[in-house]
Amino acid sequence: MKIIGYFMFVALLILGCSKAKEEDRLLGDPDERIADTLAYVKNALVAAPYGWKAVLSTDLSGGYGFYMQFAANDRVSMLADLDNETMNELKESTYRVRQIMAATLSFDTFTYLTMLEDPDPGVFGGERGKGYGSDIEFNYEKTSGDTLFFEGRKFKKSLYLIKASAAEQKAYLENKLQTSVAAVKAYFNTDYNAVTIGKIKAELVVDTAEKMLNLIGYFDGKTERIKIPFGYTVNNEINMIQSDALFGNHFTALRYDKGSYKLQASDGQQYAISKTADLVFTPLESFGVGLTAMAQAGPYANKSELPMESWSASYATDWEEYVTSVAESDFGLTLGDVDFSVNMARKVINASGYFYQGPQYYSFSYNMSYTIDYNTKRLRFTGIKATDGNGKIMVPFMESSIFKNMKDKDFELEYVEDPVFGRAVKFTRADDPDYYFTWTF
């Protein structure tokens with residue numbers, strides 16, 4: 001029995017050792033795995049016969065588009081959508097694929113990427129000491145289809161490399177990127193752009209200054225907004241860095257087709273974009289999402305134009321009471337313009353304005369809290385509170401005049417055109433349709 005037990009022990013020991021060796025062979029040596037990944041990334045970069053369309057997100061701005069072609073001798077040729085020069089002058093520099101903490105793509109010498117990270121604002125703007133918060137070293141993450149995914153080592157921003165076609169390479173090398181950028185700007189900087197995604201109604205804004213695509217969606221009584229960094233490419237198109245979801249949907253590109261555009265989702269589905277001369281959403285649907293900034297003129301610079309023609313007589317009476325009480329107070333103030341900024345997360349309207357004592361002016365601020373009932377389609381003003389010392393001077397005057405007929409009242413919103421001040425949001429009391437006022441935007 002002892003002999004049998006001994007042989008069983010030896011057999012189990014051998015089986016245990018064999019199992020461990022199989023696991024080692026399956027996983028492979030760590031150094032070998034890293035070497036394989038480095039070789040894979042380098043070969044993939046070089047093997048793309050027509051180069052790569054690249055899009056990069058930054059920390060302080062939106063996205064930027066590039067064309068890159070990698071050679072086996074560690075040289076890379078590049079174009080970028082930064083300015084007219086970078087769109088037309090092919091720049092050659094060096095690159096390396098090496099191991100740092102992971103397989104890392106490093107751009108060693110000056111490239112158009114370097115301009116975005118330059119700490120001197122005189123080079124390409126950006127923040128002193130930081131540039132745009134952009135990397136020149138990127139850790140390889142994964143491959144999906146014809147796209148390589150990287151992440152910046154310092155700022156953790158994404159770099160996507162998408163294989164270019166022969167026609168796209170030809171367009172880049174024939175300096176078509178600049179004309180493509182101009183075409184996108186011309187199309188999206190006119191009128192409003194609407195898109196329907198299943199049951200979601202959305203407005204699309206291509207912010208060419210911030211390099212962000214803004215999508216504002218409305219569905220089932222809720223409004224969401226996402227901002228997606230983008231970079232220009234040829235063929236009048238843009239590629240985007242997949243960002244937050246709009247009601248669960250992610251988006252990757254704007255595709256051009258015979259004079260019109262489609263919004264492409266991450267699953268490949270495309271949604272037609274249509275032009276509309278008017279705003280896509282009602283002001284209530286857009287309040288705090290697309291409609292975030294409004295204003296009301298003051299008598300200091302606009303005395304002859306006030307009260308506004310788009311105010312009711314009853315609101316104008318309240319407003320004149322406010323202006324007069326401020327002027328006849330111990331402070332002897334003249335009211336200036338007031339700007340309103342909607343913070344949807346906190347459900348407050350932040351107000352920032354000026355008052356004047358003779359030629360001297362001072363700022364003041366306060367906020368108004370509000371709620372929205374999407375079922376009744378009404379907004380209610382629930383309170384007002386000073387947020388600085390001068391605001392404490394102004395708020396009591398408001399509480400005894402214009403705000404006394406706003407507080408705890410429901411308002412219906414609509415867009416109107418004031419004959420003097422232009423496009424405005426009209427707030428009409430639900431219980432008294434003869435009481436209304438407007439803020440311009």
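This section describes the nonpolar cores, the pockets and the aromatic pairs of the structure. The model is predicted.

The largest nonpolar core comprises 51 residues, and F287, Y366, M368 and F381 touch the most other members. For Y366, the contacts beyond four places in sequence include V338, F340, I349, N350 and A351. Y366 also touches I384, K385, A386 and T387, together with V395 and M398. A second core, separate from the largest one, contains 34 residues, among them V184, I197, L213 and V234.

The largest pocket encloses about 420 Å³ of space. Its lining consists of 19 residues, and those nearest the centre are T147, F149, Y160, I162 and T252. Two or more lining residues come from each of the elements β6 (137-144), β7 (147-152), β8 (158-163), β13 (238-240), β14 (251-257) and β15 (260-265). By class, the lining of the largest pocket is made up of six nonpolar, eight polar and five charged residues.

The second largest pocket has a volume of about 230 Å³. It is lined by 15 residues, with E203, L279, S286, G290 and L291 lying nearest its centre. Both β10 (200-207) and β11 (212-219) contribute at least two residues to this lining. Nine of the residues lining the second largest pocket are nonpolar, four are polar and two are charged.

Aromatic pairs were then examined across the whole structure, and 39 were found. A pair of aromatic rings is described by the distance of the centres and the angle of the planes. In the pair formed by F107 and F138, the centres lie 6.3 Å apart and the planes meet at 80 degrees, an edge-to-face arrangement. This pair joins distant parts of the chain, since F107 belongs to strand β5 (residues 103-107) and F138 to strand β6, 31 residues apart. F107 has a relative accessible area of 2% and is therefore buried. F138 is likewise buried, with a relative accessible area of 0%.

The pair of F437 and W439 is tilted, because the ring centres are 5.8 Å apart and the planes lie at 50 degrees. F437 counts as buried because its relative accessibility is 0%, and W439 is buried at a relative accessible area of 2%. F437 and W439 also belong to a cluster linked by ring pairs, which further includes W311, Y315, W319, F340, F381, F403, F411, F427 and Y435. Within this cluster, F381 is one of the residues that touch the most other members of the largest nonpolar core, and F340 is among the residues that Y366 touches.

Terms used. Residues numbered from 1 in each chain as written. Predicted model: local features only at pLDDT ≥ 70, side-chain atom pairs only at ≥ 80, totals over all residues. Heavy atoms only, no water. Core = buried A, V, L, I, M, F, W, Y, C linked by side-chain atoms within 4.5 Å. Buried < 20%, exposed > 50% of the residue type's maximum accessible area, 1.4 Å probe, protein only. Contact = heavy atoms within 4.5 Å. 1 Å grid on protein atoms, 1.4 Å probe; cavity = no way out; pocket = protein on both sides within 12 Å on 5 of 7 lines; lining within 4 Å. Points joined across faces, edges and corners; volume = space filled by probe spheres on them. Helix = DSSP H or I, 4+ residues; strand = E, 2+ residues; numbered from the N terminus. Nonpolar A, V, L, I, M, F, W, Y, C, P; charged D, E, K, R; others polar. Phe/Tyr/Trp six-rings, centres within 6.5 Å; stacked < 30°, edge-to-face > 60°.
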